[in-house]
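Colleague: I'd like to learn how to read a fold like this one. Could you walk me through it?

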Amino acid sequence: MGKNIILAACAAAITLAAVPANAALVKLGTADTGSSIPFDTYLGGYYFSQIYSKSQFGTGGSINQISFYNSAYPGGNPGTGNFTLWLGTSSAAIPTFDNGGNFVFPDASFTQVFSGTLPSIAGGALTLNLSTSFNYDASQNLVLIIRNTDLSGDGNLFLDYDNNSTAYMNSRFSAYNYDNNGGLVTGFNVAPVPEPASWALMVGGLGIAGGMLRNRRRLSARFA
């Protein structure tokens with residue numbers, strides 16, 4: 001009986017350590033117009049990049065889903081070509097992100113999080129489930145890079161765009177450089193990354209439970 005109680009306690013500890021905290025939606029921007037770049041027009045070039053203030057993300061976490069919204073100009077669907085998305089970080093200043101210098105292309109420090117064709121608009125949003133989660137510690141600003149691989153689109157989709165958002169985000173295009181001072185309204189699904197103590201509890205619980213089961217088998221074999 002005592003062993004069963006210990007095993008049950010170990011199992012409970014493992015379960016509690018393994019259950020992830022609920023993800024939170026971090027939504028940046030307020031729609032005041034719409035933009036078909038980069039998901040339904042190639043006028044901006046192959047690449048589009050957008051920076052987001054680290055101050056909006058608290059302690060950060062694991063980003064596993066990104067949404068772009070379609071409320072200001074409902075309807076339409078994204079281009080039918082292939083798109084690739086990367087996430088990374090930068091210490092670049094948000095207000096001047098769209099001015100001067102070289103365009104930000106993905107390098108080894110960026111993580112490819114999506115590649116393929118895009119889903120249809122559903123529930124007023126273009127929502128992408130990422131193939132690879134991005135662990136963001138919010139120590140620097142977050143950067144999203146989008147490549148319109150096939151330069152596809154017919155210009156019928158307009159996603160929510162914030163024209164005056166340089167306090168918390170900004171964007172730029174690879175085809176030309178000008179004072180943009182805006183960005184796509186973006187939602188990030190951010191789940192807290194388990195603390196080291198939680199992992200230690202889970203690993204320790206597994207070890208104790210495993211040891212108890214081995215001892216129980218030995219006792220059963222001895223009496224048999």
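**Reading the fold**

Modeller: Let's begin with the surface: the protein exposes about 11200 Å², and carbon and sulfur atoms supply 55% of that area. Keep in mind that this is a predicted model.

Colleague: What percentage of the residues count as buried?

Modeller: Of the 224 residues, 44% do.

Colleague: Next, the secondary structure. How many helices and strands does the protein have?

Modeller: There are two helices and twelve strands. Along the sequence the pattern reads α-β-β-β-β-β-β-β-β-β-β-β-β-α, with a helix at either end of that pattern and the strands between.

Colleague: And how do strands hook up into a sheet?

Modeller: In general, strands of a sheet pair through backbone hydrogen bonds, either parallel or antiparallel. Here, three strands form an open sheet in the order S2-S9-S11, with antiparallel pairing. Strand S2 (33-35) and strand S11 (183-184) are the edge strands, each pairing on one side only.

Colleague: How many bridges join S9 to S11?

Modeller: Two bridges link strand S9 (residues 159-162) to S11. Take Asp162: its bridge partner in S11 is Gly183.

Colleague: Now the interior. Which residues have the most contacts inside the largest nonpolar core?

Modeller: That core has 34 residues, and the ones with the most contacts inside it are Phe39, Phe57, Ile63, Phe68, Leu87, Leu142 and Phe188. Strand S7 (residues 125-136) gives the most to this core, with five residues. There's also a second, separate core of nine residues, which includes Tyr47, Ile51, Ile94 and Phe97.

Colleague: Pick one core residue for me. What is Ile63 in contact with, leaving aside neighbours within four places in sequence?

Modeller: Ile63 is in contact with Leu87, Leu130, Ser133, Phe134, Tyr136, Leu142, Phe188, Asn189 and Val190.

Colleague: How do I tell whether contacts reach across the chain?

Modeller: Check the sequence separation of the partners. Among contacts between residues at least 6 apart in sequence, 87% join residues at least 24 apart. For an example, try Leu28, in strand S1 (residues 24-28). The C-alpha atoms of Leu28 and Tyr168 are separated by 7.5 Å, with the two residues 140 apart along the chain.

Colleague: Why does Leu28 count as buried?

Modeller: Leu28 counts as buried because its relative accessible area is 1%, and the cut-off is under 20%. Not counting residues up to four places away in sequence, Leu28 touches Tyr52, Gln56, Phe57, Tyr168, Met169, Leu184, Val185, Thr186 and Phe188.

How values were computed: Residues numbered from 1 in each chain as written. Predicted model: local features only at pLDDT ≥ 70, side-chain atom pairs only at ≥ 80, totals over all residues. Heavy atoms only, no water. Pairing = 2+ DSSP bridges. Helix = DSSP H or I, 4+ residues; strand = E, 2+ residues; numbered from the N terminus. Buried < 20%, exposed > 50% of the residue type's maximum accessible area, 1.4 Å probe, protein only. Contact = heavy atoms within 4.5 Å. Areas by Shrake-Rupley, 256 points an atom, 1.4 Å probe, with all protein chains shown as cover. Core = buried A, V, L, I, M, F, W, Y, C linked by side-chain atoms within 4.5 Å.
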